[in-house]
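Work through the exercises below with the sequence and the model open. Each task is followed by a solution in steps.

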Amino acid sequence: MTSVSPNMSIVSLELGHKTSRDAEADLLDDGRGDGVCKEQVQAEGMENRASKNLEQKNSVMERKSLAACLKNEQASNEEKGMALSAMHKMIMDEDELDAMLELGVIGQVCQTLRGIHVFQKQVDKPGNALVDELTKEELNISCSGIRCIALLVNKSSKARTHLMEDKGLELVAIAALEKSMVDVRVDAYSTLATMGIWSGPRYALKVVETPGVMKCMDYIIRDENNEFDNMLKVSMVDAVSVLASRNRARKVLLDYEMEHSMRDAARSASNSRAFNLAAKASVASGALDGKTLNDLGFLVEVSDNDSDSSSDVQLVEEEDTNVTRTPSKPALEGTEVYDNVLRTQADMLNKDGNQGVSGRLLELGDYLTVARATAAATRGGSFSDTDAAATAEWRSLISGDPINVRRKNGDGAHLKALARQGIPHSLRCEVWPYLLSCTDLSGSDVYEKAVSTGVSKQIQVAIDKDITRTMPEHELFWAGGAQVGLKSLRAVLRAYAAYHPEVGYCQGMSSLCALFMVNAETEADAFHMFAAFMDQFRFKGVYSDGLPVMYELVEKITYLGMEKVPAVMDKIAAEGVPLDSFLPVWVMTGFTYYFPPTLAFKIWDIMLVEGNTDMFVCSALAVLALSEAIIMSGNMEQITLWFQNGFAERKTGIVDNPELFLKVALEFENAAKIEEVDEEPTCGIFSKQHPLRGVRRLPRRTFEFVHRTGRRPFSKLAERRRKPS
Amino acid sequence: MARIDDGYDYLYKIVLVGDSGVGKSNLLTRFTKNEFNYDSRTTIGVEFATSIIKVEEKAIKAQIWDTAGQERYRAITKAYYRGAFGALILYDISKKATFESVERWLKELKENSDNDMVIMLVGNKSDLTNQRQVRTDEGKAFASAHGLNFIETSALDASNVNEAFTEILTEIYNQKRAKPVVGDKEQAPDVEKVQNIRITDPAKEHSKKKSCSC
């Protein structure tokens, strides 16, 4: 497959897409699937067929028959083993891998593995099985299956979701602890590490609670027999750190005394190659428990032992694990250590071509921040890192009684300043509910009641149509995945429609709901935050009939745009670009639609602290302002496309630089505070000559005017500017 | 973003309407980019795309506005009907309810647009043969009863997608060539007049006719 030309692979991909509906139908239809399988498998033998067909460009049938063979209860173990190893070869090719996933291949693999008696036993007593107990075929199946899983989860977030939902991680843990499967042990371990590193808020707890997982992690990190390479250990430490950034998972990790293994690993690292591991392990143990990492002296001690240059440190993961002692160099400063760790992390992520990398980067960056903060806190704040201080502060802010943080902080200047640095991602699921004053609801039955109320068929249909079309790039909401996120999204939206029938359901609400869901620990939490936000930020009015608050915000943006970025607005007006071809989308999806999560979350952090929607207005103005240089030479079509999604593409410098974006946005902060226009405006629709003059509450009415007359509010203004008289 | 004059003879604005989830956005991306996206997102408000086709050796550019299907967005989307030369009303052949809405969409278009708009009824998702709930002859019958063009398409397997757009653009072309454009002074447009025709944006279109008193 790899030798196929680019065009060819597009063709085969298209074929894959084209037939995927058929394929699903086939798989659902047992009889047909088995039929295909029997004929093909028995006629020529899988292995043979597989190697032959791998050369062919159209491998749709191949995929289907492999999947069907795994599903077929009558297929012999030998056949299944061959099917799995053929599949393993096939999915080395990424296009094939995607297509296989569409067929739900993880489920098939897990099901096949469960058919082997090793995987049926209790994980509590691992390591006792003897090779004799497994037939050669069974061993073959087990190994190929685990290899397939390792490959799949390493490359695809969809596969990871599948594996979690199919309870396949349990099988991997068994394989990892099983003596007879020593050949695939590393595959199994790396799968565990991958699953740990990439576990989102939803799966962190599930991962650590999966029987056997903790044991494996502990075993590898301790590595008492010196049998594992650094890369694997580092990955495992990473996994623990990520898991430790989730509250509930952290409890489990602490119960297992994982922080001791971490500390031991860090202490035993005695050379530069192991430095990275050591640094990460100490950070991770800090993330686990501030007390273990008494102060950064410990870290410096670690770095004292080794590493002659910081560049050497960065390269640790890229180079071979053959360890050589390097001359020592003066101790690195604490920050430098962390920077190196972060940089290595970023490098690793950049190599990963998966979707959602930025979100992950954020998450991975964050546990380190948490660790830094914890360390800083234990040292009495002497660690000069503003991030760390901020995190510690957030922790202390939300550790008290559940009260309104905004109110508690008086004018909130300090809190606002904190929010502008961004709330650490791992803390968002705790901080946001505080900011929305809905922490005390998490134990209530408000959500359950709303769920049980039920909504009309019409609303159900409307919601069902949208849930698979909301944040589809996020693994929680991927339609081909395990659908947990989708089920929750559906449940919360239905519950809200029942809770506030006057709002019901409007497209766009699913985006906000998804945003909360990504940042919530439970479905009910997401609901409470969503409902609180809709109330407190007047967003009910954004979605209710007539979309009044949406128009209000759009008009405010328009008005301020004319004032603050007149050149841009004139150009838009002169080219006849309809403002409602892009502004409503931004508002109605809460700046999540075209904005990368890293930026969207930060916008939301600030807004939730400020307690009003001004930040949306500022963000819209920032996009307009930052677009100025680019749109000036554009025509109507180009500008429309630019504002619809062009600006959000990579490397446009608009949304891919959150710091700059927020800086520009916050420059409009004071301007955005206006609620009404008190003075007589001097131009355009706001001028004395205009029929609408004297209208105080501009927003809604001007917009209605626009729709009634079909005129843009500032077309006159633009005209006048063009022809100075 | 350099201004490129991508050479075309005529410019027509077209809108896509129909219930939520019938496949408007994917029909559009299939036509303009030859892409089909399984992970497509809900359209909020309106989305825009262009494409150029050849009709009788003339390059015809279509400016297509894809609209959100949900009732509450009607206030935004309605403004885009005005000044459109053509509209595609989509329904999903595997969902009867979306076909039943066609009449409402037709009424909505007629109320908010110029009378000579060319309207085509499009039964989408024709690849879902096993789940079909609306027969081809039902679609045809409705179309002929209301004087609409009719076609069944599949954005997924690309069947009839280009045909649908080509047909409606050709029809608009023939209609516009037969009589003066937009009721203004302009005669049948040529390259020079393209600039004027560009002003099919609802806003300008309207202000030109009404000559606002500001």
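**Exercise 1.** State what share of chain A is buried, and compile its overall figures.

Solution. Buried residues account for 58% of the 725 residues in chain A, where buried means under 20% relative accessible area, exposed over 50% and partly exposed in between (1.4 Å probe, protein chains only). This is a predicted model, in which local features need pLDDT of at least 70 and side-chain atom pairs count only at pLDDT 80 or more, while totals for chains, interfaces and linings use all residues. Residues are numbered from 1 along each chain as its sequence is written, chains are lettered from A and ligands numbered from 1 in the order in which they are written, and side-chain values use heavy atoms, with hydrogens and water left out.

Next, take the secondary structure: chain A has 40 helices and 0 strands. Helices (H or I, at least four residues) and strands (E, at least two) are DSSP runs, numbered from the N terminus. Then turn to contacts, meaning heavy atoms within 4.5 Å. Of those in chain A between residues at least 6 apart in sequence, 74% link residues at least 24 apart.

**Exercise 2.** Describe the makeup of chain B and the order of its elements.

Solution. Count the elements: chain B holds 8 helices and 6 strands. Read from the N terminus, their order is β-α-β-β-α-β-α-α-β-α-β-α-α-α. Of the 214 residues in chain B, 57% are buried.

**Exercise 3.** Locate S20(B) and list its surroundings.

Solution. Start with the position: S20(B) lies in the loop between β1 (10-18) and α1 (24-33) of chain B. S20(B) has a relative accessible area of 11%, and is therefore buried. Beyond its neighbours within four places in sequence, S20(B) contacts K465(A), D466(A), R469(A) and Q507(A), along with G69(B) and Q70(B). With Q507(A), the side chain of S20(B) forms a side-chain polar contact at 3.0 Å. A polar contact is a pair of N or O atoms within 3.5 Å; within protein, one must be able to donate a hydrogen and the other to accept it, and residues adjacent in sequence count only if both atoms are side-chain atoms.

**Exercise 4.** Which residues touch the most other members of the largest nonpolar core?

Solution. A nonpolar core is a set of buried Ala, Val, Leu, Ile, Met, Phe, Trp, Tyr and Cys residues joined through side-chain atoms within 4.5 Å. The largest has 142 residues, and those touching the most other members are F533(A), F539(A), I572(A), W586(A), F595(A) and F661(A). Helix α36 (residues 614-631) of chain A supplies the largest share of this core, 11 residues. A second, separate core has 73 residues, among them L152(A) and Y203(A).
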